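Me: I've just opened this one and I'm new to it. Could you walk me through it, bit by bit?

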Amino acid sequence: MAQIDSIGILGYHHCSEQDTVTTWEILSGLAMVLDQNGRKLDVKLLARKPGQIEMQMGLKVEPQGVLGDELYDLFYVPGGVGTGEAGVDPKILNAVRRHYESGKIVASNCSGIGILHRAGILGKNPVTCIAAISRRLREEGVNVPQPRRMWIGLPEQRLWTTVGASGVHASTIALAAHYFGREVATTLSMMFDTYGALGEAIFQLQGPEFFFHPELESDFQDYWEDQLLPHVEAG
């Protein structure tokens, strides 16, 4: 199993507060649990450039590092209304490719998977995402099974993908369970009361199935696709 000693969580202009900060908080809690057992885990919120990150609802956050040449054992890309812009940013796309090509684990939630897709690392692997971009991803050849899962962990492919904010919390606990063990994840899940909510599901590589509401999803996709995952001109 892959050894994770460092985690970089990407923050970018108009990333989602929930998708980004919840992930950072739970993984920072994981670092606290591990520290009690004498193991160090470095968790950093990274900005694309120096200065505060302004998230989609206006929250401004001071990052703990800046995206550079450093590699993290787990590189995490959250979603948010800024993913369309981030998905054509060469610096961000190169960071995703560089981590994946270097054998690191790459994870995403919500519309952040659009950035992984634009970076060209998904292949034909089954992944999950927010309903708002699931249709366009499928049209562009991405394997998004129906019904969608709350999360899909693919350890051998070094990919971990999650739906929108409703699944971010439990998915992050499940990720911790796989890479750091059941005992650690149980402690972590009790800190955030996740075990009581989802039970044994948090120890699985695939999360619960989502309900499917075709008409509602179609309307939502019509509204959001061009912002979250705009078409990219060939060549």
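What follows is a chat in questions and answers about this predicted model.

Me: Let's start broad. How many helices and strands does the protein have?
Reply: This is a predicted model, so keep that in mind throughout. Counting up its secondary structure, the protein comes to 9 helices and 9 strands.

Me: What radius of gyration does the protein have, set against a compact globule?
Reply: The C-alpha atoms fill a box of roughly 50 × 40 × 35 Å along the principal axes. A compact globule with 235 residues would come out near 18 Å. The protein agrees with that, as its radius of gyration is 17 Å.

Me: And what share of the residues count as buried?
Reply: A residue counts as buried when its relative accessible area is under 20%. Taken over the 235 residues of the protein, the buried share is 52%.

Me: In what order do the strands of the open sheet sit?
Reply: The open sheet has 7 strands, and their pairing is mixed. At the edges are β5 (65–66) and β8 (151–154), each pairing on one side only. Reading across, the order is β5-β2-β1-β6-β7-β9-β8.

Me: Take β6. Which residue in it is the bridge partner of isoleucine 7?
Reply: Strand β1 (residues 6–11) and β6 run parallel and are joined by 3 bridges. In β6, the partner of isoleucine 7 is leucine 74.

Me: On the β7 side, what stands opposite phenylalanine 75?
Reply: β6 and strand β7 (residues 105–109) also run parallel, with 4 bridges joining them. Phenylalanine 75 is in β6, pointing the same way as Val77, while Leu74 and Tyr76 point the other way, and all four are buried. Opposite phenylalanine 75 in β7 stands valine 106.

Me: How do β8 and β9 run, parallel or antiparallel?
Reply: There are 4 bridges between β8 and strand β9 (residues 159–162). One place to look is isoleucine 152, which stands opposite threonine 161 in β9. The two strands run antiparallel.

Me: At what angle to β6 does helix α3 run?
Reply: Helix α3 (residues 90–101) lies across β1, β6, β7 and β9. Relative to β6, the helix runs at about 145°.

Me: Which element gives the largest share of the largest nonpolar core?
Reply: That core has 73 residues, and those with the most contacts inside it are Leu30, Leu41, Val96, Ile121 and Phe180. Leucine 30, for one, touches Leu41, Ala176, Phe180, Val184 and Leu188. The largest share of the core is 8 residues, and these come from α6.

Me: While we're on α6, is threonine 172 buried or exposed?
Reply: Threonine 172 is found in helix α6. Its contacts, leaving out residues up to four places away in sequence, are Thr23, Ile26, Leu27 and Tyr76. With a relative accessibility of 2%, against a cut-off of under 20%, threonine 172 counts as buried.

Me: Now α7. Within what arc do its buried residues fall?
Reply: In helix α7 (residues 182–191), the buried residues are Val184, Ala185, Leu188 and Ser189. Seen down the helix axis, they line one face, because they fall within an arc of 130°.

Me: Which residues on the other side of α7 are exposed?
Reply: An α-helix has 3.6 residues a turn, so residues three or four places apart point the same way. The buried residues of α7 are covered by elements including α1 (17–36), α6 (165–180) and α8 (194–198). On the other side, the exposed ones are Glu183 and Met190.

Me: How far apart in space are asparagine 37 and valine 184?
Reply: Asparagine 37 sits in the loop between α1 and β2 (42–47), and with a relative accessible area of 57% it is exposed. In sequence, asparagine 37 and valine 184 are 147 residues apart. In space, C-alpha to C-alpha, the gap is 9.5 Å.

Me: One last stop: is histidine 117 buried or exposed?
Reply: Histidine 117 has its place in helix α4 (residues 113–119). Leaving out residues up to four places away in sequence, it touches Leu122, Leu137, Glu140 and Val142. Its relative accessible area is 16%, and the cut-off is under 20%, so histidine 117 is buried.

Terms used. Residues numbered from 1 in each chain as written. Predicted model: local features only at pLDDT ≥ 70, side-chain atom pairs only at ≥ 80, totals over all residues. Heavy atoms only, no water. Buried < 20%, exposed > 50% of the residue type's maximum accessible area, 1.4 Å probe, protein only. Arc of directions from axis to C-beta. Contact = heavy atoms within 4.5 Å. Pairing = 2+ DSSP bridges. Core = buried A, V, L, I, M, F, W, Y, C linked by side-chain atoms within 4.5 Å. Axes fitted to C-alpha atoms, helices over the stretch in contact; angles between N-to-C directions. Rg over C-alpha atoms; globule rule 2.2 N^0.38 Å.
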